[in-house]
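Thanks for making time this morning. I would like to walk you through one model, going from the overall fold to the interior, so please have a look at it first.

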Amino acid sequence: MRRLCVLVLSIIMSTRVVAAERSEFDRYFAPQSLRIDLYHTGDARTDIYSLDEVMVEPFWAGNPHNLIDTLNLGSCIVRVFDLETNAMIYSRGYCSLFDEWKTTDEAIAGFARTFHESLIIPLPRGKVQVRIDTRDRSNVFKPAFDLVVDPADYHVVTERRSRGVRSVELIDGGPSASKVDIAILGDGYDANELHKLRNDAERLLGVLFNTEPFKSRKRDFNVRLLEPVSADSGVDEPREGKYRSNVLGLSFNAFDIPRYMLTYSNKAVRDIAGNVPYDIVIILANAKRYGGGGIYNLYSDASVDNEFSGYVFVHEFGHAFAGLGDEYYSSEVAYNDIYPKGMEPWEPNITALLDTAKVKWGDLIGSGTPIPTPDDSIHAGVVGCFEGAGYAAKGLFRPSRDCIMFSKRVVPFCPVCARAIDRMVDFYTK
Ligand SMILES: [Zn+2]
């Protein structure tokens with residue numbers, strides 16, 4: 001009987017805790033999104049944000065219990081403050097195309113470009129201050145831009161754009177508030193290829209959810225496919241002089257790397273994605289050539305008809321979803337000094353430190369494992385610090401000899417990457 005009382009009491013208490021947390025969301029936010037569109041202009045040394053427009057979108061897919069981002073991932077973080085109390089009521093880390101571009105030769109030479117960015121936050125009930133902080137050279141977040149937003153201002157746009165785009169539920173795991181919500185968008189599919197888009201999406205999702213830890217966590221996901229129609233079939237191939245009218249603007253040769261594929265048409269992506277509840281965007285490129293890209297908390301993309309498409313789809317999603325860094329160091333990249341000497345990368349799977357007590361995955365390293373860990377078959381299944389990661393053969397270390405963030409084939413995520421993915425799934429679902 002006493003045990004029953006305790007049980008009943010603990011159920012009442014846990015219900016109360018949930019109710020209290022829920023009301024924290026309800027106190028400050030309505031279950032829709034506020035999208036703040038910005039232009040971000042500059043070169044490697046200076047940059048400026050300017051406001052494009054503010055709009056209300058119909059859904060908020062985030063976890064109402066995790067309004068403050070405790071993951072410390074990304075090169076930027078958006079923070080929202082209640083103007084009455086000055087309390088921070090929301091934050092979320094992310095990366096931007098501008099951050100990557102500013103490390104290219106062009107930006108270092110002082111040539112300025114403009115990128116379009118969106119901040120997406122739950123819809124505040126009152127006036128808020130929205131602030132972007134970016135990391136300095138020692139990885140400390142410093143304020144870079146701020147804006148006071150009044151959601152009741154009649155300049156806040158409330159129309160729904162790209163309403164005619166068809167959406168299909170591919171995986172229905174349950175309510176968005178406690179699931180990871182993926183929006184898959186097709187690009188370069190013309191009106192006769194929407195059946196192919198459905199098949200491509202299902203085939204590549206099959207690879208993702210056959211890979212751990214996604215396999216074990218499949219029930220924590222919702223996946224919705226959006227089917228915008230492109231006038232032309234295929235995506236842009238600048239080096240071949242081929243430009244297609246593809247609705248989301250995906251192009252190979254991003255930052256002039258042949259296999260790197262990105263879109264700069266952020267507005268088109270956001271307008272279409274906003275038709276469904278989403279936490280993260282995947283774009284499928286109706287293309288044969290090997291390529292893709294993935295930016296943390298922005299989107300990942302992959303060409304669908306290459307022999308490596310399954311690998312690229314999962315690898316790039318690792319970047320976009322869990323903030324994983326590239327563990328390889330032998331491929332051509334566009335960046336200069338993306339991990340400056342003496343700075344510990346924020347990515348959960350790359351370290352510059354060789355002290356087990358300081359390495360972020362130190363708790364997974366066995367006491368007998370030599371550091372640095374020899375790159376030999378004896379240490380093939382071991383977590384350690386293997387030299388060569390983050391585009392550098394020397395000075396940066398990866399957790400395992402092999403991982404899908406290292407090899408160009410479908411191999412498992414190493415234990416450190418798998419843990420980072422699990423933590424992100426938890427962030428959206430617990
Ligand atoms: Zn890994």
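In this predicted model, the secondary structure of the protein amounts to 7 helices and 15 strands. As for overall dimensions, the C-alpha trace spans about 65 × 55 × 45 Å along its principal axes, and the radius of gyration is 22 Å, which agrees with the value near 22 Å that a compact globule of 430 residues would have.

Turning to how the chain packs, 55% of the 430 residues count as buried, and among contacts between residues at least 6 apart in sequence, 65% join residues that are at least 24 apart. The protein exposes about 19000 Å², of which carbon and sulfur atoms supply 52%. On the charges, there are 49 positive and 59 negative ones, and their mean positions lie 5 Å apart.

Now to the interior. The largest nonpolar core holds 87 residues, and those touching the most other members are Leu284, Phe321 and Phe413. Helix 7, residues 415-429, gives this core its largest share, namely 9 residues. Another core, of 28 residues, lies apart from it, with Trp60, Leu67, Cys76 and Leu119 among its members.

Let me come back to Phe413, and ask which residues it is in contact with once its neighbours within four places in sequence are left aside. The contacts of Phe413 include Thr211, Glu212, Pro213 and Phe214, then Val314 and Leu324, and also Cys403, Ile404 and Met405, with Ala418 and Ile421 completing the list.

How values were computed: Residues are numbered from 1 along each chain as its sequence is written. This is a predicted model: local features need pLDDT of at least 70, side-chain atom pairs count only at pLDDT 80 or more; totals for chains, interfaces and linings use all residues. Side-chain values use heavy atoms; hydrogens and water are left out. Helices (H or I, at least four residues) and strands (E, at least two) are DSSP runs, numbered from the N terminus. The radius of gyration is taken over C-alpha atoms; the globule rule is 2.2 Å times the number of residues to the power 0.38. Buried means under 20% relative accessible area, exposed over 50%, partly exposed in between (1.4 Å probe, protein chains only). Contact means heavy atoms within 4.5 Å. Accessible areas come from the Shrake-Rupley method with a 1.4 Å probe; for residues, only the protein chains shown count as cover. Lys and Arg count as positive and Asp and Glu as negative; His and the chain ends are not counted. The place of a charge is taken as NZ of Lys, CZ of Arg, CG of Asp or CD of Glu. A nonpolar core is a set of buried Ala, Val, Leu, Ile, Met, Phe, Trp, Tyr and Cys residues joined through side-chain atoms within 4.5 Å.
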